[in-house]
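Here are a few short exercises to work through with the structure open beside you. Try each task before reading its solution.

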Amino acid sequence: GGPYRSVSSASAAARSWASRRPVICSGSIEWARLPSGDGVIRFRDFRDREGSDFPTFQKALAALGDAHGIIFDLRGNRGGYGAMPRLIAADLARLRAKTPVVALIDETTQSAAELFASYLARDGVPLIGSTTGGLLGGRSEDLDLPCGLRLRLEHGEVLGPDGAPIEGRGLRPTASVAATSRDLAAGIDHPLESAVALLSDKTTR
């Protein structure tokens, strides 16, 4: 019971939609079409330093080109590097001009995934779920020590859309929707259902 907090239960959130419909996987990106006609793109991580997964993201968008809306699933994404979040954010206006977008977040959305979520929020994309992990520091610098260890120093901070630091605080959702381990094990994904309902409202106005 209670909001899920582990990697395994976060993976269950992805399986709650993935196990019931065809899913295409390529690199760190998965995508599928929901029975509602909406598309889901799940980013498992952002470990791609150079943004070489961006063509895969564009492939996913092309495959879901006639979707009613797009859901970015950032749950279980522990982060990585900022290349992909920046590339996608730069392309976001073009996508949103023709398709409504929402995003799913929770406490396992961390680091670079929180950076991406903050980009989405600043652009007006609704965030659904629970507060992110609060593990997004500022710029970092790696120092190689004589003893063979590497020391990482972080300086500065990243602010959320409300002007408050994300580190140690997390990014709050636009709509708070809890997901419990019991529900997910039963294939019930309330945040995803809320995202579909929101997209339905946007596309029927």
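A nonpolar patch joins side chains of Val, Leu, Ile, Met, Phe, Trp or Tyr within 5 Å, from residues with over 30% relative accessible area and no salt bridge. Keep in mind that this is a predicted model.

**Exercise 1.** Find which residues make the nonpolar surface patch of about 400 Å², and explain why leucine 143 can belong to it.

*Solution.* Start with the members: Leu143, Leu145, Leu149, Leu151 and Leu153 make the patch. Next, place leucine 143, which sits in strand β7, residues 139-144. Then check its exposure: leucine 143 has 32% relative accessibility and so counts as partly exposed, while the cut-off for a patch is over 30%.

**Exercise 2.** Work out how the buried residues of helix α2 (residues 54-63) are arranged around the helix, and what they pack against.

*Solution.* First list the buried residues of α2: Phe54, Thr56, Phe57, Ala60 and Leu61. Viewed down the axis of α2, they fall within an arc of 160°, so they line one face of the helix. A general rule helps here: an α-helix has 3.6 residues a turn, so residues three or four places apart point the same way. Now turn to the face away from the buried side, where the exposed residues Pro55, Lys59 and Ala62 are found. Finally, look for the packing partners of the buried residues: β1, β2, β3, β4, α3 and α4.

**Exercise 3.** Describe the protein as a whole: how many helices and strands does it have, and what share of its residues is buried?

*Solution.* Count the elements to get seven helices and nine strands. Of the 205 residues, 48% count as buried. For the surface, about 9900 Å² is exposed, with carbon and sulfur atoms supplying 51% of it.

Key: Residues are numbered from 1 along each chain as its sequence is written. This is a predicted model: local features need pLDDT of at least 70, side-chain atom pairs count only at pLDDT 80 or more; totals for chains, interfaces and linings use all residues. Side-chain values use heavy atoms; hydrogens and water are left out. Helices (H or I, at least four residues) and strands (E, at least two) are DSSP runs, numbered from the N terminus. Buried means under 20% relative accessible area, exposed over 50%, partly exposed in between (1.4 Å probe, protein chains only). Accessible areas come from the Shrake-Rupley method with a 1.4 Å probe; for residues, only the protein chains shown count as cover. Patches are made of residues with over 30% relative accessible area and no salt bridge: like charges are joined within 9 Å, nonpolar side chains (Val, Leu, Ile, Met, Phe, Trp, Tyr) within 5 Å. A salt bridge is a side-chain nitrogen of Lys or Arg within 4 Å of a carboxyl oxygen of Asp or Glu. The arc is that of the directions from the helix axis to the C-beta atoms. Contact means heavy atoms within 4.5 Å.
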